[in-house]
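Work through the following exercises with the sequence and the coordinates open. Each task is followed by a solution in steps.

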Amino acid sequence: MTKSIAVALIALVAASVVSAQDIMVGQSVALSGPNADIGRDMRDGALAVFAKVNAKNELGRKVQLVTLDNANNRQRAAENTQQLLQQGAMVLFGYNSATNVYTIRASYRDEAAKILEAKRTVGAVKTVVLHYDDEVGRSNYESVAEAFAAAGMARPKGVAVKRGAPMDAAAASALLKDAPHYVLATTQYNVVGDFLKAATDRGTPTPVAALSFVNPDELAESLGALARGTVVSQVIPSPRGANQVALPVVKECAEALDALNGGKLNYTTLESCIAAKALVAALKKAGPKPTRESVLAAVGTLGRIDLGGVSLNFAAANHQASNAVELTILSRGNRFVQ
């Protein structure tokens, strides 16, 4: 994708009026390559919502989600975006770690602050930050560094690794060199797995705390026992267990996804489902003949909305609709618990 793969968000572009029978929603995600599962989940979580909205004719016209594959390539994502806009997309939806958008999730700085606070309470203050060696990876490192500065702590050491490549021995050595209390990972699950294996093989097992960008579902499914005990910051409720009873939005999203393709709700599909519900609320507010401008204005005036146990707060001057973060630990049975 263009940047990192963690954020379900709404990007709205103010431009000329789009005249079409259907409301075209454009999306560019990875549908091929190593991050294809995430891209498909981002697509399907939204499709489940739009299918239900269309079946009930809630908007008086159909919502059409057009998803293009960018193969996790930044240039292709930019090209896809231009194509979607030229084809008449009223809204760009589900872009990941982009800027100048409306997002339903807490920031990486919020997540890092939550991890830092929890670790300090148990005396774990010595950490090293694992990040990618590109523009987005450095930006993620800076978000973590800002959280440390806000807590009155020194700027943490960072170790950069190449995106899409296995972790080399030098990077593993750099992470373990100063015997950190834990490694704070801003990368995907596969890099975390490389580190955990290297640390274990060297006889220096070291705890990991990861931002939600790690892709918690793949972390659990792919690494299993190796990642047990890993802390992951979450920005949406758990999609499983009691929440499907306690939180209406989780139940609704699980049922909608099952009706769409028989899929099982996970963190990514739930996040995309919640984002799609927020978009539908904005489309309703924009009126029976929405335009790009009216939808953008509608999101900026939505204020506080409750989507069934998940509250969001949108404003023209507040594009980040939530600051909620909870910490989970990967436990037995490959399940995240609080």
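The exercises below concern a predicted model of one protein chain.

**Exercise 1. Confidence**

Task: State the mean pLDDT of the protein chain and find where pLDDT stays under 50.

Solution.
Step 1. Averaged over the protein chain, pLDDT is 91, and 93% of the residues reach 70 or more.
Step 2. Residues 1-11 stay under 50 in pLDDT. For this stretch the model has 75 contacts beyond four places in sequence.
Step 3. Residues 13-19 also have a pLDDT below 50, with 14 contacts in the model beyond near neighbours in sequence.
Step 4. Predicted coordinates should not be read in detail where pLDDT is low.

**Exercise 2. Overall dimensions**

Task: Compare the radius of gyration of the protein chain with that of a compact globule of 338 residues.

Solution.
Step 1. For 338 residues, the compact-globule value is near 20 Å.
Step 2. The protein chain has 20 Å, so it agrees with the globule value.
Step 3. The C-alpha trace spans about 60 × 40 × 35 Å along the principal axes.
Step 4. Among contacts with a separation of 6 or more, 76% join residues 24 or more positions apart.
Step 5. The secondary structure consists of eleven helices and 14 strands.

**Exercise 3. Surface and charge**

Task: Determine what share of the residues is buried and how far apart the mean positions of the positive and negative charges are.

Solution.
Step 1. Of the 338 residues, 54% count as buried.
Step 2. The exposed area of the protein chain is about 14,200 Å², of which carbon and sulfur atoms supply 50%.
Step 3. There are 35 positive and 29 negative charges, and their mean positions lie 2 Å apart.

**Exercise 4. Helix H7**

Task: Explain why helix H7 (residues 216-223) is described as largely enclosed, and name elements that cover its buried residues.

Solution.
Step 1. Helix H7 has eight residues, and because six of them are buried, the helix is largely enclosed by the rest of the structure.
Step 2. The buried residues in H7 are Pro-216, Asp-217, Glu-218, Leu-219, Ala-220 and Leu-223.
Step 3. The cover includes three helices, H1 (36-55), H6 (189-201) and H10 (267-285). It also includes strands E10 (231-234), E13 (326-331) and E14 (335-337).
Step 4. After H7 comes Gly-224, with a positive phi near 55°.

**Exercise 5. Positive phi outside glycine**

Task: For Asn-215 and Asn-334, give phi and the location, then decide whether each is buried or partly exposed.

Solution.
Step 1. As background, most residues other than glycine have a negative phi.
Step 2. Asn-215 has a positive phi near 70°. This residue sits in the loop between strand E9 (208-210) and H7.
Step 3. Asn-215 has 5% relative accessibility, and therefore counts as buried.
Step 4. Asn-334 has a positive phi of about 55° and belongs to the loop between E13 and E14.
Step 5. Asn-334 has 33% relative accessibility, so it counts as partly exposed. The partly exposed class runs between the 20% and 50% cut-offs.

**Exercise 6. Buried residues and distances**

Task: Locate Gln-27, Gln-188, Ile-274 and Ala-278, then list contacts or C-alpha distances for them.

Solution.
Step 1. Gln-27 is part of strand E2 (residues 23-29) and, at 0% relative accessibility, is buried. Beyond four places in sequence, its contacts include Met-42, Arg-43, Leu-65, Phe-93 and Tyr-95.
Step 2. Gln-188 is in the loop between strand E8 (182-185) and H6. Its relative accessible area is 5%, so Gln-188 is buried. Its C-alpha is 6.3 Å from that of Phe-213, and the two are 25 residues apart in sequence.
Step 3. Ile-274 is in helix H10 and is buried, at 1% relative accessible area. Beyond four places in sequence, Ile-274 touches Ile-104, Ile-236, Val-249, Cys-253, Leu-307, Val-310 and Leu-312. Ile-274 and Gly-308 are 34 residues apart in sequence, with 9.7 Å from C-alpha to C-alpha.
Step 4. Ala-278 is in helix H10 and is buried, with 1% relative accessibility. From Ala-278 to Arg-138 the separation is 140 residues in sequence and 30 Å in space, C-alpha to C-alpha.

How values were computed:
Residues are numbered from 1 along each chain as its sequence is written. This is a predicted model: local features need pLDDT of at least 70, side-chain atom pairs count only at pLDDT 80 or more; totals for chains, interfaces and linings use all residues. Side-chain values use heavy atoms; hydrogens and water are left out. pLDDT is the predictor's confidence in each residue, from 0 to 100. Contact means heavy atoms within 4.5 Å. Helices (H or I, at least four residues) and strands (E, at least two) are DSSP runs, numbered from the N terminus. The radius of gyration is taken over C-alpha atoms; the globule rule is 2.2 Å times the number of residues to the power 0.38. Buried means under 20% relative accessible area, exposed over 50%, partly exposed in between (1.4 Å probe, protein chains only). Accessible areas come from the Shrake-Rupley method with a 1.4 Å probe; for residues, only the protein chains shown count as cover. Lys and Arg count as positive and Asp and Glu as negative; His and the chain ends are not counted. The place of a charge is taken as NZ of Lys, CZ of Arg, CG of Asp or CD of Glu.
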